[in-house]
Amino acid sequence: MTDTVKLVSLAIAAPEHVIFQKQAVEASARLFADRFEDFRHLARVFDSAGIDKRHAARPLAWFDEPHGWQDRMQAYAEVAGGLFVKAASSALRQARLEAGDVDCVVTVSSTGFTTPSLDAQLSRRMGFRPDIERVPVFGLGCAAGVSGFAIASRLARSRPGTVVLFVSIELCTLAFRLDELTRPNIIATALFGDGAAACLLRSGEGGLAEVESTGEHLFPDTLDIMGWKIDDGGFGIVLAQSLPPFAERELGPAVAAILARNGLRREDIDRFICHPGGMKVLAAMENALSLAPGSLDHERAVLAEYGNMSSPTILFVLERAIRAGLPARAAMIAMGPGFSASCVTLRRAA
């Protein structure tokens, strides 16, 4: 059995509730305009975000009322559980496998939590074996779609023949705050949506793509760029205005260093598959990676249709890239709290 890890299948899922951007800006104006002096200036972000609609864990009217931890985490457990089952079951069907074939499940999420973790709560419903290995990961934020994929691929490589299920779930809209009269909260309201994705990875032949290399870069003294502040009301977004210029300045050298550790150069990458954090971030990434403006077309399409869903977003982009036909070598790139950058290179399956 070869120790080459293959991406065997990939499935995406989103909640049933849809919020169009026009609805989001109208609701935000109703909730914030009379209480936040700078709202009308900031409201322009709804038009410039490049988002037509996004999916949400709860209908739009739910966000008119204040919610505490109990409401938010009850909603998280219910909706995240359903999305886990939907995405994972679809990935298993694509791979012609059963849940009982899964040896290990890696689950990433930074927008909610349950204890026991989702994988345990859903074990009987999914049909997992009692000896399944569970690896729940919290706190990697937007980078977790790539970092979690890398963790799952390394587990698959370490034990040839092992079937590893990777699930990424985020319900960003549940962090919406009526009490946060801040610029980051308004921007988050314009940008973020909810979704999930699942992948199956295994050493062996066939598959959609070969996982060639993985790597990360943690930037020093950057804790204030992105993350959560946590208080009695729930999560509160930390999002610095300096993110796009930081990405444009720092991402290129970080990615070059990750690739170099794996014997690669930027010129060896035929297609960068990037996490679409926002329109400004995408433009900054194109500059940082020496790409022509507009090159990240799948990324912009996903952003328009789903918004920034945090960690699963890049897997939505990968799904489109696979449907369009992967080039000989691609590199998935995502940035997240830390501040950090994660990279996975993929080779087109023979």
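Which residues does Leu289 touch, not counting residues up to four places away in sequence? This note addresses that point together with the sheet, the nonpolar cores and the aromatic pairs of what is a predicted model.

1. **Leu289.** Not counting residues up to four places away in sequence, Leu289 touches Val255, Arg266, Phe272 and Cys274. Leu289 is placed in the loop between α10 (279-288) and α11 (297-306). Its relative accessibility is 4%, so Leu289 counts as buried. Of its contacts, Arg266 is 23 residues apart from Leu289 in sequence, with 7.9 Å between the two C-alpha atoms.

2. **The sheet.** An open sheet is formed by nine strands with mixed pairing, and their order is β5-β4-β6-β7-β1-β8-β13-β12-β11. At its edges stand β5 (133-138) and β11 (271-274), each of which pairs on one side only. Disregarding direction, neighbouring strands of this sheet are turned by 25° against each other on average.

3. **Parallel pairing.** Five bridges join β4 (residues 104-109) to β6 (residues 164-171), and this pairing is parallel. Within the pair, Val108 stands opposite Ser168 in β6.

4. **A helix on the sheet.** Helix α12 (residues 313-324) packs on the sheet and touches β1 (5-13), β6, β7 (194-203), β11, β12 (329-336) and β13 (340-348). The direction of α12 makes about 110° with that of β1.

5. **Strand β7.** Nine of the ten residues of β7 are buried, so this strand is largely enclosed by the rest of the structure. β7 pairs with β1 in the antiparallel sense over eight bridges, and Ser9 stands opposite Leu200 in β7. β7 also pairs with β6, again antiparallel and over eight bridges; here Leu171 is opposite Asp194 in β7.

6. **The largest nonpolar core.** This core has 55 residues, and those with the most contacts inside it are Phe84, Val102, Met126, Phe128, Leu165, Leu171 and Leu200. Two or more residues each come from β1, α1 (21-32), α2 (39-42), α3 (44-48), α4 (69-95), β6, α8 (183-191) and β7. Helix α4 supplies the largest share, 13 residues. Leaving aside residues up to four places away in sequence, Phe84 touches Ser89, Val105, Thr107, Asp119, Leu122, Met126, Phe128, Val167 and Ile169.

7. **Another core.** Apart from the largest core lies another of 39 residues, among them Phe219, Ile269, Val281 and Leu289. In soluble globular proteins, nonpolar side chains tend to be buried together.

8. **Aromatic pairs.** There are twelve aromatic pairs in the structure. For Phe219 and Phe246, the ring centres are 5.1 Å apart and the planes lie at 80°, so the pair is edge-to-face. The pair links distant parts of the chain, 27 residues apart: Phe219 belongs to the loop between β8 (209-218) and β9 (226-231), and Phe246 to helix α9 (residues 243-261). Phe219 has 6% relative accessibility and therefore counts as buried; Phe246 is buried as well, with a relative accessible area of 9%.

9. **Further ring contacts.** A cluster of Trp69, Phe113, Phe138, Trp228 and Phe235 is linked by ring pairs. In addition, Lys53 lies over the face of Tyr306, at 5.7 Å from the ring centre.

Conventions. Residues numbered from 1 in each chain as written. Predicted model: local features only at pLDDT ≥ 70, side-chain atom pairs only at ≥ 80, totals over all residues. Heavy atoms only, no water. Pairing = 2+ DSSP bridges. Helix = DSSP H or I, 4+ residues; strand = E, 2+ residues; numbered from the N terminus. Axes fitted to C-alpha atoms, helices over the stretch in contact; angles between N-to-C directions. Contact = heavy atoms within 4.5 Å. Core = buried A, V, L, I, M, F, W, Y, C linked by side-chain atoms within 4.5 Å. Buried < 20%, exposed > 50% of the residue type's maximum accessible area, 1.4 Å probe, protein only. Phe/Tyr/Trp six-rings, centres within 6.5 Å; stacked < 30°, edge-to-face > 60°. Lys NZ or Arg CZ within 6 Å of the ring centre and 35° of its normal.
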